[in-house]
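The following report introduces a protein structure to a reader who has not met it before. Please view the sequence and the model together.

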Amino acid sequence: MSGLYLDNDDVVCFGGEGYSFSKAPTATVSEMKSSLLSSWLAGHLSGWISSGIACRVLLAHGGGWQAGKIRFRMEFIPDKPKVPQQNPSTLASNPESSLDDLRSQLNPE
């Protein structure tokens, strides 16, 4: 199942009282982020990171209200991606590359 990344101006409408970010039942993604950074996060974290919280979303670019769940995830992106290491025995047993094969075919001497 693929998620939908929300923009700061998208609006979310929560069905349950316990999960709204203000007295209003709707909030923009920007308002949600600000509220989460304050003290609200500690009291409601488990639902946000496990199965998600039921809500409806109204995208800024149109399409009407869409029912679903909102869930927060943490993603790690390494600064330096790990490069797969080659086995030294493989390199020693096959010293020629495919480019060497191509060169020998193009320049038969």
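Is Leu 45 buried, partly exposed or exposed? Leu 45 is partly exposed, because its relative accessible area is 37%; buried means under 20%, exposed over 50%, and partly exposed in between, with a 1.4 Å probe and protein chains only.

The model is predicted, so local features need pLDDT of at least 70 and side-chain atom pairs count only at pLDDT 80 or more, whereas totals for chains, interfaces and linings use all residues. Residues are numbered from 1 along each chain as its sequence is written, and side-chain values use heavy atoms, with hydrogens and water left out.

**Overall organisation**

The protein chain contains four helices and four strands, which are DSSP runs numbered from the N terminus (helices H or I, at least four residues; strands E, at least two). Their order along the sequence is β-β-α-α-β-β-α-α. Of the 109 residues in the protein chain, 18% are buried. The accessible surface amounts to about 9,100 Å², and carbon and sulfur atoms account for 56% of that surface; such areas come from the Shrake-Rupley method with a 1.4 Å probe, and for residues only the protein chains shown count as cover.

**Strand pairing**

Two strands pair if DSSP finds at least two bridges between them. The table sets out antiparallel pairs.

| Pair | Bridges | A bridge partnership |
|---|---|---|
| β1 (residues 11-14) and β2 (residues 26-28) | three | Val 11 with Thr 28 |
| β1 and β3 (residues 53-58) | four | Val 12 with Val 57 |
| β3 and β4 (residues 65-70) | six | Arg 56 with Ala 67 |

Phe 14 also has a bridge partner in β3, namely Cys 55. β3 and β4 form a hairpin with six residues between them. In the turn of this hairpin, Gly 62 has a positive phi of about 105 degrees.

In a regular strand the side chains alternate between the two faces of the sheet. Along β3, Ile 53, Cys 55 and Val 57 point to one face and are buried. Ala 54, Arg 56 and Leu 58 point to the other face and are not buried.

**A nonpolar surface patch**

Leu 45 lies in helix α2 (residues 40-49). Together with Ile 49 and Phe 72, Leu 45 makes a nonpolar surface patch of about 240 Å². Patches are made of residues with over 30% relative accessible area and no salt bridge; like charges are joined within 9 Å, and nonpolar side chains (Val, Leu, Ile, Met, Phe, Trp, Tyr) within 5 Å. A salt bridge is a side-chain nitrogen of Lys or Arg within 4 Å of a carboxyl oxygen of Asp or Glu.
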